[in-house]
Amino acid sequence: MTGLAARQRMDADQADPTVEIVLHGVVACCDLSGALFLPDIDLLVVSDLHLEKGAAFARRGQLLPPYDTLATLRNLERVIARYDPRIVISLGDNFHDRTGSALMPAEFRTMVEGLARGREWIWINGNHDPDGICGLPGQSADEICYGGLTFRHEPSLISGAGEIAGHLHPSATVRRREKSVRRACFATDGVRLLMPAFGVLTGGLDLRHKAFAGLFAKEALIAHLLGRDRLYSVRFANLLG
């Protein structure tokens, strides 16, 4: 890979489902799945899995289809098979509540154990699961610095250089074929990057929302939107408000 910022790569006669960017001097690949791969350090990042969200709602008396954990883990299986990373970092809100990891059914625990086997696995603590992970492989941390980058759940207004964070579930809206289309996105100005939510039952917050104020240099900000079969890289100025 050559490190050309935000370059849409073509493979044979179909689009490769990645966009290559440079973040704080580090080459990274935004994957159509919503994962980020750092080839130079063989590291895969996902954010906001919100595993067991359906179960958490059911415990509160609100029934949702109970398939979210399986679907999210299947998606994670596919992207791990694609890159076979040495290290996986999950950027917080790994589970939807504090008890999700302890109460997760055995079949899903077995899936996670299989995914983590032979790798270093790091669970970043989020606001939904601040106490860490119970009975699963890997280690928990509030944040970690690795390869010149900082991995944390919530973006920092104080120290954003080289930051990869989640929490805000960025999404963006564009006009396509005479209609507006909203998609989850990677958001980066080359200094910090906010990850899209990886969990299948997660919503999105528009990149123009006030919660993003002060996080990016808007003139350099690009949203890499997750389309149906490719990513679309759109400058912030060209997004719909």
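**Notebook: salt bridges and the strands around E6**

I looked up Arg152 in this predicted model and found that Glu163 forms a salt bridge with Arg152, the closest N and O atoms being 2.4 Å apart. Glu163 sits in strand E11 (residues 163-165) and Arg152 in strand E10 (residues 149-152), so this contact ties together parts that are 11 residues apart in sequence.

I then checked the other partner, Glu143, which also makes a salt bridge with Arg152, with 3.1 Å between the closest N and O atoms. On burial, I noted a relative accessible area of 0% for Glu163, which is buried, and 9% for Arg152, which counts as buried because the cut-off is under 20%, whereas Glu143 is partly exposed at 40%. Following the contacts further, I found Glu143, Arg152, Glu163 and Arg192 linked in a network of salt bridges.

My search of the whole structure gave 7 salt bridges, and one of them joins the side chains of Asp84 and Arg119 at 2.9 Å, N to O. Asp84 lies in the loop between helix H2 (68-83) and E6, and Arg119 in the loop between helix H4 (106-116) and E7, so the pair ties together parts that are 35 residues apart in sequence.

That led me to strand E6 (residues 87-90), where Ile87 and Ile89 point one way, Val88 and Ser90 point the other way, and all are buried. I traced its pairing with strand E5 (residues 43-46), which is parallel over 4 bridges, and saw that Val46 stands opposite Ser90. E6 also pairs in the parallel sense with strand E7 (residues 120-124), over 4 bridges, and there I recorded Ile122 as the bridge partner of Ile89.

Technical notes. Residues numbered from 1 in each chain as written. Predicted model: local features only at pLDDT ≥ 70, side-chain atom pairs only at ≥ 80, totals over all residues. Heavy atoms only, no water. Buried < 20%, exposed > 50% of the residue type's maximum accessible area, 1.4 Å probe, protein only. Helix = DSSP H or I, 4+ residues; strand = E, 2+ residues; numbered from the N terminus. Pairing = 2+ DSSP bridges. Salt bridge = Lys/Arg side-chain N within 4 Å of Asp/Glu carboxyl O.
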